[in-house]
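Student: I have a model open and would like to go through it piece by piece. Could we begin with one of the helices?

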Amino acid sequence: MRLRRRIVAVVAAVLAASVLAGCATIPRTGPVTRGGPISAQDDSFGQIDYHPSGPVAGEAQDQVLRGFIDAAVSPENGYQIAREFLADSFKSQWNPDASVTVDQEAQRDDPSRVNSTQLALDVTPVAFVDQAGNYSAANSQAPVPLGYSFVKQGGQWRISKAPDGIVMDAARFPSVFSPHALYFYSPDFHYLVPDERWFPSSRTSIATRIVKALLDGPSAWLQDAVATAFPKGTQLTSGSVVVQNGAAQVALNSVAGGADQSTLDRMGEQLSESLTTTASVSTIALTIGGVVQDASGTSGAQHDPTVNASPIVYQDGKFGYLTGKDVVDLDGIGAKVAALHPRAVTVSSGASAAAVLTSGGVYAVADSADDPVRVDKRAGLLAPSIDSRGIVWSAVSAAGQPFAVSAADGTTTTLTAAWPDARALVAFAISRDGSRLAALVRTTDGQSHLMVAGIVRDADGHASRIGEPLDLGNLGLSEGLALAWTDELSIAVLGTSPQGGTEIVTQELGGTVTTTPGPPNGVAIAGGNPSSQDWVLDSGGTLSFATPAGNAWQTALTGVGLLATQQGRG
């Protein structure tokens, strides 16, 4: 599944330029804006190697500056070519890895003169990549002046002062940087959870960057929601990862020296899952404190849970899988759900439990219980969700109201999430691994934003709080209607298009955004298997599915009362 996503992204990178930007000095005031889609690229498919030129004798300051920015598209040998434009006294001080500012070169103004030895370059960022490889949209489109100082060295102008980080044109970005999923665990170690980062696609340094980022831990919004096998303070002893004949030589310090075999297996699994998406790594050779470790086992953690290829629907009093044109009752819970005359349903992994919205509230349904239990009777309830532990989550649309988190016996706790600038909560869904909460939010300015937050759990695995939400930005829809997780990294949002009709905006967490036409009058969406196949139900009860091209829809069934969300295979 990951391989297919990478291939599709590479094609997009070759055929279309992405609109991106980023800078460590982005203003923190002004309206939130959305960067355009990012085209992803993997080392193993179509990487473009740039070979920029070094400085030429007699160049003026502005020519040296342009040459420096152009040369920074090549990360090879620690940005060796770009450093040739720097004064000797500044070469070791400049940190190109601090940030990435990606702008549209065609809109970049010529440098302006500050004084005889200083120039200012205005860039207009729309997003940025920080030192840890995290991508995020910029919150202002105001031009940002970057200052550069110059000094004569051997009769030639060289840069003596420049901001850390690099400036890059949007068209080049997906060819120079590529997305990589770092893998952590759900707190119970039952699931692998991805954390996508963007790194320069240099074959000589990518493995080192991935391992260092993995050891540093998850992104801030996931910090308390996931676990890692590496003890705090674990570092590379040599400062780099050497890859020989497909084997990544990972030498760690002695902090993890007392790890038992299950912990070693988890370390190896995190390294393997995070590294083997690169072209050059197939196996991991791990040493701790100079001692070779056997970390070749696996923890048994589930990776990228899939759902049944058949959708689950409610039609003519039956609730179950659609097989051909027939609805086959779900064993254990199908009749119980149907008896509630459901309006929305999420079915647990294994199809042994469900969260059900009815006219009278939200119910928890389980095959182990004789009768459904009403867990939330508030007005304005949204379609509920159910997590990997079979716990029902329910919420109302009014902004600021808490989530009700309920066990099958009706025991309920409440948790709040501070969605930024929220006017209303439109829809929400728990990821299939139970570690993340996605929310479709209507903001105070009327925009539809997709937001995500980590779910923090206590030692017993019970949800104890919702982490600080991450706003992924305006989706560009007239109105967001529904959302669904389609795989471990992607969320599809169904909404109405400003041009009319419906659209599906699919956000890959930490990266790519794609928009495809939806079927007319769509009101509900569910992820399918394969993940590229979405199911959409329209207001007239017609269930449609997307063709592989994603731009045509076929009718699967009519007269459908609802389309359920699946959290895993039944």
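Tutor: Certainly; please keep in mind that this is a predicted model. In helix H2 (residues 61-71), the buried residues are Gln61, Val64, Leu65, Gly67, Phe68, Ile69 and Ala71.

Student: What do the buried residues of H2 pack against?

Tutor: They pack against H3 and against several strands: E2 (112-115), E3 (118-123), E6 (144-153), E7 (156-161) and E8 (166-169).

Student: Which aromatic cluster does Phe68 form part of?

Tutor: Phe68 forms one aromatic cluster with Tyr79 and Trp94. Phe68 is also among the buried residues of H2.

Student: Where is Tyr79, and is it buried or exposed?

Tutor: Tyr79 is in helix H3 (residues 76-83). With a relative accessible area of 2%, Tyr79 is buried. Its backbone deserves a look as well: Tyr79 is not a glycine, yet it has a positive phi of about 60°.

Student: Why remark on that?

Tutor: Most residues other than glycine have a negative phi, and most peptide bonds are trans.

Student: Which other residue has a positive phi, near 50°?

Tutor: Asp316, which is likewise a residue other than glycine, has a phi near 50°. Asp316 sits in the loop between strand E16 (312-315) and strand E17 (318-323). Asp316 is exposed, its relative accessible area being 72%, whereas Tyr79 is buried.

Student: And which peptide bond is cis?

Tutor: The bond from Asn529 to Pro530 is cis, with omega near 10°. Pro530 belongs to the loop between strand E36 (522-527) and strand E37 (534-538).

Student: Back to the aromatics. How many pairs does a search of the whole structure find?

Tutor: It finds eight aromatic pairs. One of them is formed by Phe173 and Phe177, which are stacked at 5.2 Å centre to centre with 10° between the planes. Phe173 and Phe177 are both buried.

Student: How are the rings of Tyr185 and Phe189 arranged?

Tutor: Their centres are 5.2 Å apart and their planes stand at 55°, so this pair is tilted. The relevant cut-offs are that planes under 30 degrees apart count as stacked and those over 60 as edge-to-face, the rest being tilted.

Student: Are those two residues buried or exposed?

Tutor: Tyr185 has 0% relative accessibility and therefore counts as buried. Phe189, at 21%, counts as partly exposed.

Student: Changing topic: at what angle do H5 and H6 cross?

Tutor: The axes of helix H5 (residues 206-216) and helix H6 (residues 261-275) cross at roughly 135° and come within 10 Å. That angle makes H5 oblique to H6. The crossing of H5 past H6 is right-handed.

Student: Which residues make the contact?

Tutor: H5 contributes Ala207, Ile210, Val211 and Leu214, while H6 contributes Gln270, Leu271, Ser274 and Leu275. Of the residues in this contact, six are nonpolar, two are polar and none is charged.

Student: What else is in contact with Gln270?

Tutor: One such residue is Thr228; leaving aside neighbours within four places in sequence, Thr228 is in contact with Phe184 and Gln270. Thr228 is placed in the loop between H5 and strand E11 (242-244). Its relative accessible area is 31%, so Thr228 is partly exposed. The C-alpha atoms of Thr228 and Met267 are separated by 8.0 Å, although these residues are 39 residues apart along the chain.

Student: Which residue is 221 residues apart from Arg569 along the chain?

Tutor: That is Ser348, and the C-alpha atoms of the two are separated by 8.6 Å. Ser348 lies in the loop between strand E19 (344-347) and strand E20 (353-358). With a relative accessible area of 5%, Ser348 is buried.

Student: And what is Ser348 in contact with?

Tutor: Apart from neighbours within four places in sequence, Ser348 is in contact with Ala353, Ile386 and Gln567.

Student: One last residue: where is Phe319, and is it buried or exposed?

Tutor: Phe319 is in strand E17. At 0% relative accessibility, Phe319 counts as buried. Its C-alpha atom is separated by 8.6 Å from that of Ile333, a residue 14 residues apart along the chain.

Notes:
Residues are numbered from 1 along each chain as its sequence is written. This is a predicted model: local features need pLDDT of at least 70, side-chain atom pairs count only at pLDDT 80 or more; totals for chains, interfaces and linings use all residues. Side-chain values use heavy atoms; hydrogens and water are left out. Axes are lines fitted to C-alpha atoms, for helices over the stretch in contact, and angles run from 0 to 180 degrees between N-to-C directions. Helices (H or I, at least four residues) and strands (E, at least two) are DSSP runs, numbered from the N terminus. Angles under 35 degrees count as roughly parallel, over 145 as roughly antiparallel, 65 to 115 as roughly perpendicular and the rest as oblique. A crossing is left-handed if the near helix is turned anticlockwise from the far one by less than a right angle, and right-handed if clockwise. Contact means heavy atoms within 4.5 Å. Ala, Val, Leu, Ile, Met, Phe, Trp, Tyr, Cys and Pro count as nonpolar, Asp, Glu, Lys and Arg as charged, and the others, Gly among them, as polar. Rings of Phe, Tyr and Trp (its six-membered ring) pair if their centres lie within 6.5 Å; planes under 30 degrees apart count as stacked, over 60 as edge-to-face and the rest as tilted. Buried means under 20% relative accessible area, exposed over 50%, partly exposed in between (1.4 Å probe, protein chains only).
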